Amino acid sequence: QVQLVESGGGLVQPGGSLRLSCTASGNVLTNDIMGWYRQAPGKQRELVATITSGGTADYASSVEGRFTISRNNPRNTIYLEMNSLKPEDTAVYYCTSRRRNGPSRSWGQGTQVTVSS
């Protein structure tokens, strides 16, 4: 299995910025597709952004233009730069990884992001 550990969550004021990190270890493949999901209280877990090993990124419409996902392959690490944060961005953010050619998926334990004044 792939182990994923997130970091960087915290409390931020609306309009502020935060950078999340996720480092993968274990049975890691460079071409694994990685990304971020989030889950707010009482809501379903939703996709935030994904990134391929080649750097192709996709974003949920709700974060497009505000969030940037990036990847450091030698470090097996992805990042989520979150700007112009809104209260509705408050959620537990989960890092995820899956094989390019299969449905197997790994999850991190999550990191809390709270956007509040």
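This briefing walks through some strands, loops and side-chain contacts of the structure above. The model is a predicted one. Among its features are an open sheet of 4 strands, a mostly covered strand called β4, and an aromatic pair that links distant parts of the chain. The points below take these in turn and then visit a few residues in the loops.

**The open sheet**

- Four strands line up here in the order β1-β3-β8-β7, and they form an open sheet with antiparallel pairing.
- β1 (2–7) and β7 (67–72) are the edge strands; each has a single partner strand, so one side of each is left without a neighbour in the sheet.
- From one strand to the next, the twist averages 15 degrees.
- As general background, the strands of a sheet pair through backbone hydrogen bonds, in either a parallel or an antiparallel way.
- Looking at one pairing in detail, β1 and strand β3 (residues 18–26) are joined by 6 bridges in the antiparallel sense.
- Within that pairing, V5 has T23 in β3 as its bridge partner.

**A residue to find in β1: Q3**

- Q3 is part of strand β1.
- Is Q3 buried or exposed, or something in between? Its relative accessible area is 38%, so Q3 counts as partly exposed.
- Leaving aside residues up to four places away in sequence, Q3 touches T23, A24, S25 and G26.
- A polar atom of the Q3 side chain also lies 3.3 Å from the backbone oxygen of Q1.
- For a sense of distance, Q3 and N73 are 70 residues apart along the chain, and their C-alpha atoms are separated by 15 Å.

**Strand β4 and its partners**

- Strand β4 covers residues 33–39 and is mostly covered, with 6 of its 7 residues buried.
- Which strands does β4 pair with? One is strand β9 (residues 91–98), joined to β4 by 7 bridges and running antiparallel to it. Another is strand β5 (residues 46–51), which is joined to β4 by 5 bridges and also runs antiparallel to it.
- To trace the pairing with β9, start from I33 and look for its bridge partner, R98.
- To trace the pairing with β5, start from M34, which stands opposite I51.
- β4 and β5 make a hairpin with 6 residues between the strands, and in this hairpin G42 takes a positive phi near 75 degrees.

**Rings and charges**

- How many aromatic pairs are there? The count comes to 1.
- That pair is Y37 with W107, in an edge-to-face arrangement: the ring centres are 5.0 Å apart, with 75 degrees between the planes.
- Y37 sits in strand β4 and W107 in strand β10 (residues 105–107), so the pair links parts of the chain that are 70 residues apart.
- Y37 counts as buried because its relative accessibility is 18%, whereas W107, at 34%, is partly exposed.
- The charged end of R45 is placed over the ring of W107, at 4.6 Å from its centre.
- R45 also lies over the face of Y94, 3.7 Å from that ring centre.

**R99, a buried residue in a loop**

- R99 is found in the loop between β9 and β10.
- With a relative accessible area of 18%, under the 20% limit, R99 is buried.
- The side chains of R99 and D32 are joined by a polar contact of 2.7 Å.
- A polar atom of the R99 side chain also lies 2.8 Å from the backbone oxygen of N27.
- Beyond residues up to four places away in sequence, R99 touches V2, N27, V28, L29, D32 and S104.

**Positive phi in two loops**

- In general, most residues other than glycine have a negative phi.
- N76, which is not a glycine, has a positive phi near 50 degrees.
- N76 lies in the loop between β7 and β8 (77–82), and is partly exposed with a relative accessible area of 25%.
- S84 likewise has a positive phi, near 50 degrees, without being a glycine.
- S84 belongs to the loop between β8 and β9, and its 40% relative accessibility makes it partly exposed.

Definitions and conventions
Residues are numbered from 1 along each chain as its sequence is written. This is a predicted model: local features need pLDDT of at least 70, side-chain atom pairs count only at pLDDT 80 or more; totals for chains, interfaces and linings use all residues. Side-chain values use heavy atoms; hydrogens and water are left out. Buried means under 20% relative accessible area, exposed over 50%, partly exposed in between (1.4 Å probe, protein chains only). Helices (H or I, at least four residues) and strands (E, at least two) are DSSP runs, numbered from the N terminus. Two strands pair if DSSP finds at least two bridges between them. Rings of Phe, Tyr and Trp (its six-membered ring) pair if their centres lie within 6.5 Å; planes under 30 degrees apart count as stacked, over 60 as edge-to-face and the rest as tilted. A charge sits over a ring if NZ of Lys or CZ of Arg is within 6 Å of the ring centre and within 35 degrees of the ring normal. Axes are lines fitted to C-alpha atoms, for helices over the stretch in contact, and angles run from 0 to 180 degrees between N-to-C directions. A polar contact is a pair of N or O atoms within 3.5 Å; within protein, one must be able to donate a hydrogen and the other to accept it, and residues adjacent in sequence count only if both atoms are side-chain atoms. Contact means heavy atoms within 4.5 Å.
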